Amino acid sequence: MDADELLTTTRSVRRKLDLDRPVEQEVITEGLRVVMQAPIAGNQLDAIRWLVVRDPELKARVAGPVREVGEAAQRQYGHLVAPRSLASAKFLLDNIHRVPALAFACLGRAAGRS
């Protein structure tokens, strides 16, 4: 199964991922290419820049605020979500620092860029 097939046919595999296995740059690049096919991406295509974080220390620092916001959202809206989906999201929040890479979509232009 290639990255394109995986990303376009798999719904949720959070609890089945091997979080300790490295991911090649080509797989990340292909994944971002597929993500850019989403309807909203077409409207913002020129303004989207990707930040990919692989450094373990930086991932751990980023994970804290992401986890905090995610847990607050679960407390506020968790009753509206199926228990299985809530558990899957909680697993991701608890383990986000362990994923091989975090990718962030950044909208806007960097200073000095046209």
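The following points concern a predicted model of a single chain.

1. Confidence. The mean pLDDT of the chain is 82, and 74% of the residues reach at least 70. Confidence varies among the elements: helix H4 (residues 56–77) has the highest mean pLDDT, at 95, whereas helix H1 (residues 3–9) has the lowest, at 59. Any reading of helix H1 should be set beside that mean of 59.

2. Secondary structure. Five helices and two strands are assigned to the chain. Their order, taken from the N terminus, is α-α-α-β-α-α-β.

3. Burial, surface and contacts. The chain has 114 residues, of which 19% are counted as buried. Its accessible surface amounts to about 8500 Å², with 57% of this belonging to carbon and sulfur atoms. When contacts between residues at least 6 apart in sequence are considered, 80% of them link residues at least 24 apart.

4. The largest nonpolar core. Six residues form this core: Leu19, Val53, Ala63, Ile96, Val99 and Leu102. In soluble globular proteins, nonpolar side chains tend to be buried together. For Leu102, the contacts beyond neighbours within four places in sequence are Leu51, Val52, Val53, Lys59, Val62 and Ile96. Val53 and Ile96 thus appear among the contacts of Leu102 and also among the members of the core.

5. Helix H2. This helix covers residues 25–35, and its buried residues are Ile28, Gly31, Leu32 and Val34. They line one face of H2, because their directions, viewed down the helix axis, fall within an arc of 160 degrees.

6. Helix H4 and Arg61. Is Arg61, a residue of helix H4, buried or exposed? Its relative accessibility is 66%, so Arg61 counts as exposed, the cut-off for that class being over 50%. Arg61 and His97 are separated by 36 residues in sequence, while their C-alpha atoms lie 8.3 Å apart in space.

7. Helix H5. The length of this helix is consistent with its residue count: 13 residues (83–95) at 1.5 Å a residue should span 18 Å, and the end C-alpha atoms are indeed 18 Å apart. Three residues of H5 are named as buried, namely Ser88, Leu93 and Asn95. Helix H4 is included in what covers these buried residues. The element that provides part of this cover is thus the helix with the highest mean pLDDT among the elements of the chain.

Methods:
Residues numbered from 1 in each chain as written. Heavy atoms only, no water. Helix = DSSP H or I, 4+ residues; strand = E, 2+ residues; numbered from the N terminus. Buried < 20%, exposed > 50% of the residue type's maximum accessible area, 1.4 Å probe, protein only. Contact = heavy atoms within 4.5 Å. Areas by Shrake-Rupley, 256 points an atom, 1.4 Å probe, with all protein chains shown as cover. Core = buried A, V, L, I, M, F, W, Y, C linked by side-chain atoms within 4.5 Å. Arc of directions from axis to C-beta. pLDDT = per-residue confidence, 0-100. Expected span 1.5 Å × (residues − 1).
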